[in-house]
Amino acid sequence: MTSMALDSVREAMKTPPARTRHSKCQEPQTSPGCPAGIRGLFPLLQRLVGGRPGARREYAEKLDARLDELVGKIDSIASRISRDDVQPIDERTALKVLEEAERDGIEVARYSQIPQFDASILDTYIPRCTRLTQLHFGNIVSNPHAPMAFKEKMGYNMTYNLVPPSHGNALHMHRSIEIFVALDGRWEIAWGMEGEHTVVLQPWDFVVVPARVCHSYKNIEEQTAQNIMTILPGKSWITWAPNVVAEARKNGAECDDNGVLLKYAHLAADTKGLASSSETVPWKSMGPDDMAPYLHRFGENRPFECKMSEGATDGEAPYIEMFWKTVKADSSVSLPRKAGVDMLLVVLDGSVLVKTRSGRPVAAAGRLDAVRVPRQAIEAAEVVISNPCPTACTLLVTVTQMRSQNELYFHLC
């Protein structure tokens with residue numbers, strides 16, 4: 001796989017934002033409020049009441065003029081709202097809008113509603129590795145039948161993990177790259193057979209760990225549980241570092257020699273394709289400075305783009321692109337109508353509305369919610385992401401072309 005000069009979705013999203021109802025007005029309207037508005041009437045009223053008769057007439061005329069000015073501003077604002085806002089929606093139209101969104105496959109996985117599993121992964125039996133896991137796409141290797149938050153796979157596995165302070169996961173490796181995103185808090189990413197090399201992720205940073213590298217993560221905040229997001233492109237497969245399976249068994253885990261939990265193993269037709277023991281597979285070695293090219297800092301705004309040139313099953317070259325996008329207060333951005341790609345928007349901060357062909361909102365998402373915008377929605381009509389709030393909204397955008405590659409090992413080479 002090589003970093004590529006894609007016709008990048010990120011570059012396309014740098015186009016000017018879609019116009020909003022506030023951007024249509026040529027000149028900003030001055031508020032009739034304080035300090036230049038109603039509060040400015042009080043000196044006039046005081047002079048009107050306490051002054052001489054001639055002065056009272058003069059100030060009364062000024063007061064009438066000021067009130068006329070305020071009435072004009074209020075009429076202008078009301079007219080603009082009436083002209084620009086969408087008219088009230090009836091029940092039949094509302095149902096039609098929702099049916100269109102469902103047909104196009106637009107979904108929102110709400111952080112507050114996704115089930116959290118506390119013992120679905122082998123290493124959670126180890127006291128230092130306790131955490132709660134939410135599954136958005138794909139499979140959890142140790143629990144291959146955990147339900148997904150979204151209805152359809154997108155070619156990668158994705159989870160949120162809520163981790164107590166000083167806890168994390170055990171050392172392991174995959175045959176595919178694994179991406180870790182610090183949704184909040186600071187995280188230590190370790191690599192090496194003993195986890196001897198480390199780097200710290202600040203909030204919203206992410207790192208792309210190459211395939212077959214032994215690695216782990218740890219919440220290094222002292223007092224608060226934090227969320228980390230994981231993306232594992234392609235097929236779920238894992239090998240635990242030496243002694244992890246034995247340590248989990250000592251703490252009550254009932255699993256096979258590869259670490260697949262027995263309470264879930266009987267549900268899978270063949271667990272041999274899910275995991276291997278540490279002594280049967282080759283491990284990739286990386287030195288203390290070798291992770292630097294795979295580290296993406298939010299403050300540096302460096303995107304991740306990779307495309308595999310081998311292993312595709314249907315002629316579709318699988319690729320993944322990840323970047324941050326800030327939607328300014330009370331503005332919008334249109335998603336590029338690029339054929340064949342799926343998009344996932346994770347709200348890192350703020351809130352968004354999703355609008356489609358009807359021009360009406362079909363979905364709303366807040367912090368840590370994830371919005372799935374599949375290829376059919378992008379190809380059917382313009383999809384607009386709108387920020388209705390007075391503060392900026394930050395999104396993590398994942399663009400993929402690998403929906404049919406759920407059995408592929410997506411690796412850096």
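**View 1. What lines the second largest pocket of this predicted model, by residue class.** Here's the chemical mix you'd be docking against: nine nonpolar residues, six polar and five charged. Together the lining runs to 20 residues, and the pocket they enclose has a volume of about 330 Å³.

**View 2. The middle of the second largest pocket, with its nearest neighbours.** Zoom in on the centre and the residues lying nearest are R128, N169, A170, L171 and S216. As for secondary structure, β6 (187–191), β9 (215–219) and α5 (244–250) are the elements that each give two or more residues to the lining. The top contributor is β9, which puts in three.

**View 3. Strand β8 and its two sets of side chains.** Now over to β8, residues 206–209. F206 and V208 point one way, while V207 and V209 point the other. That's the textbook pattern: side chains in a regular strand alternate between the two faces of the sheet. Whichever way they point, all four of these β8 residues are buried.

**View 4. β8 alongside strand β5.** β5 covers residues 178–182 and pairs with β8 in the antiparallel sense, over four bridges. To get your bearings, pick out E178 and follow its bridge to V209 in β8.

**View 5. β8 alongside strand β12.** β8 also pairs with β12, a strand made of residues 295–296. Again the sense is antiparallel, this time over two bridges. Look for V207, whose bridge partner in β12 is L295. V207 is also one of the buried β8 residues, pointing the way V209 does.

Conventions: Residues are numbered from 1 along each chain as its sequence is written. This is a predicted model: local features need pLDDT of at least 70, side-chain atom pairs count only at pLDDT 80 or more; totals for chains, interfaces and linings use all residues. Side-chain values use heavy atoms; hydrogens and water are left out. On a 1 Å grid over the protein atoms alone, a cavity is a set of points where a 1.4 Å probe fits but cannot get out, and a pocket is an open set with protein on both sides within 12 Å along at least five of seven lines; lining residues have an atom within 4 Å of a point. Grid points are joined across faces, edges and corners, and a volume is the space filled by probe spheres set on the points. Ala, Val, Leu, Ile, Met, Phe, Trp, Tyr, Cys and Pro count as nonpolar, Asp, Glu, Lys and Arg as charged, and the others, Gly among them, as polar. Buried means under 20% relative accessible area, exposed over 50%, partly exposed in between (1.4 Å probe, protein chains only). Two strands pair if DSSP finds at least two bridges between them.
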